[in-house]
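Please open the structure in your viewer and keep the selection tool at hand. The tour below goes from one selection to the next and says what is there at each stop.

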Amino acid sequence: MSFSLADHQFMARAINLAKSGRFSTSPNPNVGCVVVKDNQIIGEGWHQKAGSGHAEVNALANLTPEQTTDATAYVTLEPCSHFGRTPPCANRLIDANIKRVVVAMLDPNPLVAGKGILLLMQAGVDVKLGLLEDDARAINTGFLSRMERKRPFVTVKMASSLDGKSALGNGQSKWITSAQARADVQTYRAASCAILSTAKTVIADNAKLNVRKEQLNFQYPFNDVVSEIRQPIKIILDSRGELDPKLQDKLALFDDNTPIVIVRNDTDPMPESQRTNVKYLQIPYDLTKGKFDIARLLDWCGINEINNLWVEAGATLAAYIIEQQLFDQLVVYIAPKIMGVNAQDVMPVGPFSSMEQVIDLQLKQLVQLGQDLRLSYVNNSKFKKSEE
């Protein structure tokens, strides 16, 4: 199917608009819409928050049927066809007498899954599908992962010295990376639905694991338009039951009302939470390995509409998730520091006995942040296995 240069330009604008909701739309996808008539944009919008108007509704909000008759709508995701928190967007486009709808990709949500396209076509709307589909998928990796795999898109974050260390031998690690790199982490946190860490990390660093809006870095790679900032859910692995109510009163993690999920061994008794924002979750725990069943936790995340999971913990948990091939993306911040042979390794994975066990990564992005580098990799081994 061929598209004009103007089609590409208008869809690119819709995709850029969709990114504006990246901190607030979860569990819904990021969607943008541009309405064009006589080769001029007459309306545009994006989905700003779950429960509020969808992109198509916002783009048409200030337009009359007279203005939109015979217009073209560019939408980054198939218009919905069902009544949920809001009415169907496909019907809204039909009622506006839109003549042509260009859609970047089908919606894998079973409630939609082609039904929106069919509804438009049955109403006589000319529908074109597949323009800039890869770009449209890239802004919704978490939503698509949950719809297609029933699990969130998992990103593991690590900070390393140039010689591959995460902390000194005595445990000191503040700060390996620069203020610019730490601001960049805030942007990743804000775009995530949940942050996964451990009680050990929380206690050792008195970590708050929140989004500090004043530190957010909007310059790269997205635009500066942001509809709203949400605080991600904090999921804390607590195999030893260390986060008891008395200690909670002393930790910064519990300073606000952000939802916190404390994960306990499924053989341990479930304590009663004394805080309305704290709940406990039991997950199987392998005593021989000293590890939680992270795959089971990811299933729970999918059921609970968590699209993007950001793993920010010590080297042990990060290495385990990497070794078990449970990650989709690895984000590594490398600082120009040498920490020495007695320092702790950033990635204690393995040991491996054959090259078939080696984890293959594909570099997707390299960005300089002050004196530091941020390298973003996808799990190439995982994708290769899924294709075989």
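The stops that follow cover a sheet, a helix across it, a core, a loop residue, aromatic pairs and a further strand. Please keep in mind throughout that this is a predicted model.

**The five-stranded sheet**

Begin by selecting the open sheet of five strands, whose order is S2-S1-S3-S4-S5 and whose pairing is mixed. At the edges stand strand S2 (40-46) and strand S5 (126-129), each with a single partner strand, so one side of each is left without a neighbour in the sheet. From one strand to the next, the twist averages 15 degrees. If you then narrow the selection to S1 and S2, you will find them paired in the antiparallel sense over six bridges, and one place to look is Lys37, whose bridge partner in S2 is Gln40.

**The helix across the sheet, and the core**

Add H1 to the view next: this helix lies across S1, S2, S3 and S4, and it runs at about 145 degrees to S1. Which residues of the largest nonpolar core touch the most other members? Select Met11, Val35, Ile98 and Val101, which have that place among the 42 residues of this core. Several elements each supply at least two residues of the core, including helix H1 (5-18), strand S1 (32-37), helix H4 (89-95) and helix H7 (141-149), while the largest share, seven residues, comes from H1.

With Val35 selected, show its surroundings: leaving aside neighbours within four places in sequence, Val35 is in contact with residues that include Ile41, Ala59, Leu63, Ala73 and Ile98. Apart from this core lies another, of 32 residues, and you can locate it by selecting Val154, Cys193, Ile294 and Ile359, which are among its members.

**A buried residue in a loop**

Move now to the loop between H1 and S1, where Asn30 is found. Is Asn30 buried or exposed? Its relative accessible area is 9%, so Asn30 is buried, the cut-off for that word being under 20%. The side chain of Asn30 reaches the backbone oxygen of Ile139 at 3.0 Å, and among the residues in contact with Asn30, beyond its neighbours within four places in sequence, are Ala18, Arg22, Thr76 and Asn140.

**Aromatic pairs**

The structure holds three aromatic pairs, and two of them are visited here. Select Phe10 and Tyr74, which form a tilted pair with 5.4 Å from centre to centre and 45 degrees between the planes. Because Phe10 lies in helix H1 and Tyr74 in strand S3, the pair ties together parts that are 64 residues apart in sequence. Phe10 counts as buried at 10% relative accessibility, and Tyr74 counts as buried at 3%.

Then select Tyr188 and Trp310, a stacked pair at 5.0 Å centre to centre, with 15 degrees between the planes. Tyr188 belongs to helix H8 (residues 179-190) and Trp310 to strand S14 (residues 308-311), so that distant parts of the chain, 122 residues apart, are linked by the pair. Trp310 is buried, with a relative accessible area of 1%.

**Strand S15 and its partners**

For the last stop, select strand S15 (residues 329-335), which is mostly covered, since six of its seven residues are buried. Strand S6 (residues 153-161) pairs with S15 in the parallel sense over seven bridges, and there Ala159 has Tyr333 of S15 as its bridge partner. With strand S18 (residues 372-379), S15 pairs in the antiparallel sense over six bridges, where the bridge partner of Ile334 is Leu373 in S18.

Definitions and conventions
Residues numbered from 1 in each chain as written. Predicted model: local features only at pLDDT ≥ 70, side-chain atom pairs only at ≥ 80, totals over all residues. Heavy atoms only, no water. Buried < 20%, exposed > 50% of the residue type's maximum accessible area, 1.4 Å probe, protein only. Helix = DSSP H or I, 4+ residues; strand = E, 2+ residues; numbered from the N terminus. Pairing = 2+ DSSP bridges. Core = buried A, V, L, I, M, F, W, Y, C linked by side-chain atoms within 4.5 Å. Contact = heavy atoms within 4.5 Å. Axes fitted to C-alpha atoms, helices over the stretch in contact; angles between N-to-C directions. Polar contact = N/O pair within 3.5 Å; in protein donor to acceptor, adjacent residues only side chain to side chain. Phe/Tyr/Trp six-rings, centres within 6.5 Å; stacked < 30°, edge-to-face > 60°.
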